[in-house]
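Visitor: I'd like a close look at one part of this model. Could you walk me through where the protein meets the DNA, and take your time over it?

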Amino acid sequence: MGSFLAFAQICQKAAGIGSSLEKVEILAGYLRDLQEADLGIAATFLIGEAIPGQELGVGPSILYDALARAMGCTPGQVADLMRSTGDVGLVAAAAAEKKRPLSLAAFAGSDGLELAEVQGRFMAIARASGRGSQEARVKNLHYLFSEASPLEAQFIARLAMEDMRIGVGEGLARDAIARAFDLDPEEVERGYNLTSNLELVAKRAREGRLAELGVAINRPVKMMLAQIGENIPAALAQGAVAVEWKYDGARVQIHKDGPAIRVFSRRLEDVTASLPEIVQVVRERVWAREAILDGEVVATGGDGRPMPFQDILRRFRRKYDVDRMARSVPLKLNLFDILYLDGEDLLNRTLQERRRLLTKAADQGILADQVVCADQAAVQKIYDEALAAGHEGLMLKNPSSPYAPGKRGKNWLKIKPVMESLDLVVTGARWGEGKRASQLGSFRLGCRDVQTGELLDVGWVATGLSEDLLAELTGILRDLIVKESGMEVEVAPQVVFEVGYEEIQRSPSYSSGYALRFPRLIAVRDDKSPEEADSLERISEIFRIQRGRAGS
DNA sequence: TGTGGCTGCCC
DNA sequence: ATTCTGC
DNA sequence: GCAGAATGGGCAGCCACA
């Protein structure tokens, strides 16, 4: 029988090992000796998937509730512990230390939790819906904590958050499965990328039947991803590239089985019901009987320019008012790849070959434009056109590369412009978690309102900081704290950050009315005072002219 | 019945 | 999404 | 160069609660 304690001990061990190879070795040894059912559970648990492909509906709020109940304290006290430890796992371990036993079994010293029992509780948590469902989730978590030893509780809490933080992700889990059953890691990786189901992959690996996992209609394939490219000349160094616009939209993978059409999102969610016009256009303009197609949908306004990304978000996952919203935010399909055609897996064909087949399989009008080109000036011209049209930049792809599911490699490069940065005042901060425990991990930003002299919120920044800088900033800002509540602090406005971003968005939640898309710290401006920070006027002016709007 | 907080997922 | 870090 | 970790804005749907 697979004990959850043994799993937790392996997690603890893995978390303490730096070397990936050593980590894989230990995980492999553990997985190898499990029975089939436990192997499936343990494999998915390792990557923080409580139940393959299902939502738990548990976040910090419900988890802290359950922990508070287990410890017999208030959620506020749990939040205090979070601030000092920055780790739900450690808080849960503490809860298990001082728990009040729920059941007689716990008094008597229970037999310990089984992997299957823990997953069963998570299933009950995932199934809960409707009135009283949040209470049901809390109760099931509370039960698990009441039965758990401190070490078990640590990883139950991390599982509930679907975030194990043991330095094991999909990559190492795959390698561990391969090592456990003496298989080629590439084969395991292929099986996983074609099914996204580590439980299934682990079981098939054990049986030596990985080869049975192939490309099939209605089984979404992990999407191939792009790396950031340096610039156009560097991308052209290896020769000609396939050039496409990088659309500011949402990725879709479309499965067509005759008249039956399904649309999957980047995370392979079925979004068919939200996108009726995409289904319709595929029905009318894809000639292939069976196909798996890859593309990007963009919202297009009356002027033919792309609508803000926020509008696309209003379409995805929508269940109600779908038709009305389809009229106000119409989506256009831009197909750029084909992975499967009439019974044939095309993954190992070259991009050039796939493009040729795509051209035959669908109407030109729903394909993303593509040219194969080795000339720097010509690529630059397309780049300028993409930006002038309001899109993000270019995709430059290696014409002779296969479709590599789930890979983010140099065969697909994205080229985007660097926006001029903003100098913004740090007005607050938030205590971090994990690696950033007991440090300030994200920073609230303000711009100047010239009329009133006030600082207006433009959001937060939390990336672009090295560990040294993080520590230094914590030291500086700690002395500037004027107010503290929960995980957040307010600081006297003295520090100025130079902040980079991709785009300025209208914001419904920040007082300036604007927010930055993908904010990152470029530098701390020791040389600038808050009075010299950028103004709301400057932000709204950049907003007005960005992305080739106005003045071009 | 309306609303605000929470969660998951787009980027 | 972006960015930093250790292997 | 890769994989993992820590973090951003903003949307819909759902649930709790007033």
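Guide: Here is a walk along the protein surface beside two DNA strands, with a stop at a helix pair on the way. Keep in mind that we're looking at a predicted model.

Let's start with DNA strand D. It has 43 residues around it, and the closest are Gly-130, Gly-167, Lys-319, Arg-430 and Tyr-510. So what kinds of residues make up this surface? Sorted by class, there are twelve nonpolar, 18 polar and 13 charged ones.

Which parts of the DNA does the protein come up against here? Look at the atoms of DNA strand D within 4 Å of the protein: 95% of them belong to sugar or phosphate, and the rest to bases.

Now zoom in on some individual atoms. Tyr-510, already listed with the closest residues, has a polar side-chain atom 2.5 Å from a phosphate oxygen of DNA strand D. With Arg-506 it's the backbone that comes in: one of its N or O atoms sits 3.2 Å from a phosphate oxygen of that strand. Gln-505 uses its side chain, with a polar atom 3.4 Å from a sugar or linking oxygen of DNA strand D. Several elements give two or more residues to this surface: H9, helix H11 (170-180), helix H16 (309-315), and the strands S12 (440-448), S13 (455-461), S17 (503-506) and S18 (514-517). H11 gives the most, with four residues.

H9 is worth a stop, since we can see what it packs against. Helix H8 (residues 115-127) and helix H9 (residues 133-147) pack at an angle of about 165°, and their axes are 8 Å apart. Because of that angle, H8 counts as roughly antiparallel to H9. Their crossing is left-handed. On the H8 side, the contact is made by Glu-117, Val-118, Arg-121, Phe-122, Ala-124, Ile-125 and Ala-126, while H9 brings Arg-137, Asn-140, Leu-141, Tyr-143 and Leu-144. By class, that contact has eight nonpolar, one polar and three charged residues.

Next, go over to DNA strand B. Here 20 residues surround the strand, and the closest are Glu-55, Gly-59, Arg-251, Ser-265 and Arg-267. They split into eight nonpolar, five polar and seven charged residues. Of the atoms of DNA strand B within 4 Å of the protein, 86% belong to sugar or phosphate, and bases make up the rest.

And which protein atoms approach the phosphates of this strand? Arg-251, one of the closest residues, has a backbone N or O atom 2.8 Å from a phosphate oxygen of DNA strand B. A backbone N or O atom of Ser-61 lies 3.2 Å from a phosphate oxygen of the strand. For Val-58, a polar backbone atom is 3.2 Å from a phosphate oxygen of DNA strand B. The elements giving two or more residues to this surface are helix H4 (60-71), strand S3 (250-257) and H16. The largest share, three residues, comes from H4.

Did you spot the name that came up twice? H16 is listed for the surface near DNA strand D, and H16 is listed for the one near DNA strand B as well. Try finding H16 in the structure, then look from there towards each of these strands.

Notes
Residues numbered from 1 in each chain as written. Chains lettered and ligands numbered in written order. Predicted model: local features only at pLDDT ≥ 70, side-chain atom pairs only at ≥ 80, totals over all residues. Heavy atoms only, no water. Axes fitted to C-alpha atoms, helices over the stretch in contact; angles between N-to-C directions. Parallel < 35°, antiparallel > 145°, perpendicular 65-115°, else oblique. Left-handed = near helix turned anticlockwise from the far one by under 90°. Contact = heavy atoms within 4.5 Å. Nonpolar A, V, L, I, M, F, W, Y, C, P; charged D, E, K, R; others polar. Near = heavy atom within 4 Å. Polar contact = N/O pair within 3.5 Å; in protein donor to acceptor, adjacent residues only side chain to side chain.
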